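Student: I would like to go through the side-chain contacts of this model. Can we take them one at a time?

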Amino acid sequence: DPALRESAPPELRPYLDAFPLPNGSQFSPGAGRYSAVTMNRRRSDAALLRLDHGAGGPLRVFARYQYSPRSEQQREAAVPGVVTDLDVRVQSLTAALVWLPGPKTTHDLRMNFSGWNTASATTTEATARPGSSLLGRSGALQVSVLGAGGYAFGLSDRMRQRQLHITDSLSHVGGSHYVRFGADYRRLAATYYYQPYRALFTFNGFTPASGGLLSGSAAAAAIVSSEPAAYPLYLSFSLYLQDTWRATSRTTLTWGFRWEMNPPPDVRSGPPPIALKGFADYPEVTRIDPLYSTRWRDFGPRFGLAYQLDTTPGREMMFRFGAGVLYDIGYGSAVRAFEAAPFVNQRTFAAPAFPLAPDRLEPMALPATRPYGLVSAAEPDLRAPRAYLWNASIERVFGGAQSFVVTYAAAKVRDLLRAETRRSYSESKEDGSGDYDLLQVVSNKPSLNYQSLQVQFRRWLSQSLQAQLSYTFSHAIDSGAFRLPPPGLAVIFEDTRRDSDFDLRHNFSFSGSYGFPSPGAGLARRLFGNWWIDWFVTARSSLPFEVTGLATEAVAKAPVRRLYAIVRPNLVKGEAFWLDDAAAPGGRRLNPKAFVLAGGYQHGNLPRNALRGFDLFQADVALRRRFLLAEKARLDLFAQAYNVFNHANFMNPSATGTAFLASPMFGLGTPWNAPAMGPAPRSLQFALRVAF
C-alpha cells in the first residue's frame with residue numbers, strides 16, 4: 001500500500017528503498033469454488049479506546065483496546081429457505097513500553113492479546129424439516145451436489161481463539177549504521193467445538209447412474225460422531241538481526257537474517273492428534289510422537305542495496321536490489337488433524353444406497369479406537385515451505401514532476417504443502433486388522449516459480465492533478481496446488497509443472513486524484529472549495545482453470561469398497577473448448593462435447609489448468625471533502641462508487657461447480673460472490689467522519 005509506505009517511520013525508509021514494493025498486484029486469488037450465496041443483512045460495529053502517555057522523559061507507555069462485533073445473515077439463492085446466521089466477536093488489547101536509555105538507543109516492548117469468538121448456524125424457514133425423515137434422528141445434515149450446489153440443515157460451527165503476541169526489539173544508531181535486534185513470540189490457543197452427530201452426503205451431479213442424486217445412490221457418505229471439543233495449541237518463535245549501513249552518500253546496504261522455530265501443533269488438554277510412524281506405503285499411527293519433527297534450521301538471510309546512479313536535480317536515478325529467504329509457519333495443513341480421529345470418529349461409505357439404511361445411520365462410538373475411520377496426519381519429516389525472493393528496479397525522475405520505474409521480481413518456492421488421500425486401507429496388514437480405513441496425508445511435494453516485469457509511471461500534472469499508470473506481466477508455474485476434496489472424495493495429484501491457479505499474466509491499473517477549482521472567498525469557498533475526486537481503474541487477464549469429473553476405483557477386502565476422486569477428462573479431437581452463446585454469462589460457454597472421462601482411477605489427457613476464463617475490468621470513483629471545524633477538529637465527507645460503470649465480471653467455471661462434467665449448468669461462468677470473493681455490481685457508499 002503506497003499510503004502505508006509513505007507513513008512509515010523515518011528509520012525504515014532505507015529498508016523500504018532496498019526492498020521496493022511491487023507495482024500492482026503480483027498474486028491474485030484464484031476463482032474459488034462455485035457458490036450461490038447472496039448477502040442479505042450485515043451489521044458491524046466497533047468500539048475503540050486508546051491511551052498514549054509520554055511524560056517527556058525516556059519512557060513512553062501506549063495502550064489500546066478494541067471491541068468489534070459483526071453479524072451476518074446469508075441465504076442460499078439456489079436453495080430457497082436455507083438461512084445461515086454468522087456471529088463474530090473480536091477483542092484486542094495492545095500495550096507497548098518504549099524506553100530510550102540514550103539518544104541513539106531505543107528499546108521497544110509490545111504485547112497484544114486478541115480473542116475471536118465465531119459462531120454460525122444453518123437452519124430452514126420451512127415448517128417441515130426434511131432432515132428429520134432422512135436422518136431418523138436429530139442432527140446435522142449436509143448434502144453436496146457436485147456441479148450444482150448443496151443443502152444443509154442443523155449445521156452449526158463454533159470456534160474460540162485466544163492469541164498472545166509479544167515482540168521485543170532493541171535498535172541503535174551509531175555512525176553510519178542503524179542496527180536492530182529483536183525477538184517475536186506467538187501463542188495461539190484455539191478451541192474447536194464439534195457437533196455430536198453429522199451426516200454428510202456427496203452426489204455426482206443429478207442424473208449420472210453412478211452416484212447421481214436421482215440414481216438412488218450417493219457418490220460418498222460419511223457418518224460423523226465428535227467429541228465436544230478439541231483444544232489445539234500453536235506456538236512460534238523467531239529472532240532477527242538487521243543492519244542498515246549508509247556506506248556512502250549514494251549507497252545504502254541492508255543485511256540481516258531471521259531465524260524461525262515453529263514446533264508442530266499440540267493440545268492444551270485432552271488427547272493429542274494422531275501422528276504417522278514410518279514412511280512406507282502403509283505407515284502405522286502413533287499417539288505418542290508429535291505430528292512432525294520440529295525444525296531448528298529455518299534460517300533466512302536477507303540483503304538489500306539502494307544506489308543513487310544520478311544525483312542531478314530533476315534527473316535523479318535510483319537502483320535497488322533485494323534478495324532473501326522466507327519461511328512459512330506450515331500450520332495451514334496440520335489443522336486438519338483436529339478434524340479426524342481421535343477427536344472425530346467417522347464411518348465413510350463409497351457409492352452407498354441413498355437414503356442410508358437405519359443401521360448405517362447409527363452414531364459412531366466415542367472415544368474413537370482402532371481401526372480409525374479417518375486419520376488426517378502429516379509426513380513425519382514435514383518441512384515449512386520456504387521462498388527464495390529477489391528483485392531489482394531502476395527509478396528515473398524527469399523534471400521533478402514525473403517518474404518512471406521498471407522492476408523485475410521473482411520467487412522460487414519449495415516444499416509447498418499438499419493434502420492427498422492415500423490408497424492405503426485396513427488391508428495394510430496381512431491379517432486384515434489395520435490402523436485406519438481412510439488416510440489423508442500432508443506432504444511437501446509441490447514447488448512454484450514466479451517471474452514478473454513491472455512498469456510504473458507517475459505524473460504530477462499540476463498541484464491539483466496527479467495520476468499513476470502501472471502494468472505487470474507475470475508468469476507463475478507450479479507442480480500441484482493445495483486442494484482439498486469434498487467430504488468422502490479424494491484428489492489425485494501429479495507432479496506435472498503447469499500454470500498455477502493464480503497465474504495472472506497481465507495486470508493494468510490507472511489511478512489518480514483531481515482537486516476541483518475553489519471559489520474565491522467567503523461562504524462559497526467554505527462550502528464548495530477543496531473538493532477532490534479519486535479514481536482507480538483496474539483490468540486484468542483471465543486466470544487458468546480445468547474441467548473435472550468423477551472417477552472411481554474398486555478396492556477389495558476393505559470397508560471402503562470404492563474410492564471416488566475428482567479427475568480431469570480426455571479431450572475430444574476436433575471439438576472446440578468454447579462455444580459462442582449470447583445468452584451465457586460473458587457471451588460464451590464450455591463445449592460439453594469437447595470432454596469425456598478417461599475411465600478408471602486416473603487423469604485424462606487434458607493438461608492441468610489448460611483453460612483460460614474471463615477477464616476482469618472495474619472502475620471505482622470517490623468524492624471527498626475535508627472541513628476544518630476548529631484547530632483540532634475536522635469533518636470528512638465521502639461519497640464512493642464501486643464498479644461505477646456496473647461492468648459485469650464473471651468467475652471462471654470451477655472444478656466442483658460449473659466446470660464439473662455432471663453439472664446441469666456445465667460450462668457457464670458465474671457472477672463474483674461479493675463482497676467476500678471479488679468485484680460486485682455497482683454499489684454506492686456515503687460516509688461522514690468527525691475527528692477531534
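Tutor: Start with a definition. A charge sits over a ring if NZ of Lys or CZ of Arg is within 6 Å of the ring centre and within 35 degrees of the ring normal. Keep in mind that this is a predicted model.

Student: Which residue lies over the face of Y193, and at what distance from the ring centre?

Tutor: The cut-off for such a contact is 6 Å from the ring centre. The residue over the face of Y193 is R158. Its distance from the ring centre is 3.7 Å.

Student: Which ring has the charged end of R588 over it?

Tutor: The charged end of R588 is 4.0 Å from the centre of a ring. That ring belongs to W578.

Student: On to the nonpolar core. Which strand gives the largest share of the largest core?

Tutor: The largest nonpolar core has 23 residues, and Y234, Y292, F338 and F343 touch the most other members. At least two residues each come from β9 (177-193), β11 (220-226) and α4 (331-334). The largest share of this core is 3 residues, and the strand that gives it is β9.

Student: How many residues are in the second, separate core?

Tutor: Among its members are F153, A218, A221 and L356. The size of this second core is 17 residues.

Student: What is the geometry of the aromatic pair Y192 and F338?

Tutor: Y192 is in strand β9, and F338 is in the loop between α4 and β20 (344-350), 146 residues apart. Y192 is buried at 14% relative accessible area, and F338 is buried at 0%. The ring centres are 6.4 Å apart with 70° between the planes. Planes over 60 degrees apart count that way, so the pair is edge-to-face.

Student: How does the pair F338 and F343 count?

Tutor: Both residues of this pair, F338 and F343, are buried. The ring centres lie 5.3 Å apart. The planes meet at 35°, so the pair is tilted.

Student: Which residues do ring pairs link into a cluster with Y234?

Tutor: The structure holds 15 aromatic pairs. Beyond four places in sequence, the contacts of Y234 include Y192 and F338. Ring pairs join Y234 into a cluster with Y192, F338 and F343.

Student: Is L235 buried or partly exposed?

Tutor: L235 lies in strand β13 (residues 232-246). Its contacts beyond four places in sequence include Y185, N262 and Y331. The C-alpha atoms of L235 and L188 are 6.4 Å apart, with the two positions 47 residues apart in sequence. The relative accessible area of L235 is 28%, so L235 is partly exposed.

Student: Now charges. How far apart in sequence are the parts that E395 and R458 tie together?

Tutor: Side chains of opposite charge can pair when their charged atoms come close. E395 and R458 form a salt bridge at 2.9 Å, N to O. E395 is buried at 15% relative accessible area, and R458 is partly exposed at 22%. E395 lies in strand β22 (residues 386-398) and R458 in strand β26 (residues 448-462), so the parts tied together are apart in sequence by 63 residues.

Student: R258 and E260 form a salt bridge. Which of the two counts as buried?

Tutor: The closest N and O atoms of this pair are 3.0 Å apart. At 21% relative accessibility, R258 counts as partly exposed. At 13%, the residue that counts as buried is E260.

Student: How many salt bridges does a search of the whole structure find?

Tutor: One of them is R89 with D87, at 3.2 Å between the closest N and O atoms. Others share partners and join D381, R383, R386 and D415 into one network. The search finds 22.

Note on methods
Residues are numbered from 1 along each chain as its sequence is written. This is a predicted model: local features need pLDDT of at least 70, side-chain atom pairs count only at pLDDT 80 or more; totals for chains, interfaces and linings use all residues. Side-chain values use heavy atoms; hydrogens and water are left out. A nonpolar core is a set of buried Ala, Val, Leu, Ile, Met, Phe, Trp, Tyr and Cys residues joined through side-chain atoms within 4.5 Å. Buried means under 20% relative accessible area, exposed over 50%, partly exposed in between (1.4 Å probe, protein chains only). Helices (H or I, at least four residues) and strands (E, at least two) are DSSP runs, numbered from the N terminus. Contact means heavy atoms within 4.5 Å. A salt bridge is a side-chain nitrogen of Lys or Arg within 4 Å of a carboxyl oxygen of Asp or Glu. Rings of Phe, Tyr and Trp (its six-membered ring) pair if their centres lie within 6.5 Å; planes under 30 degrees apart count as stacked, over 60 as edge-to-face and the rest as tilted.
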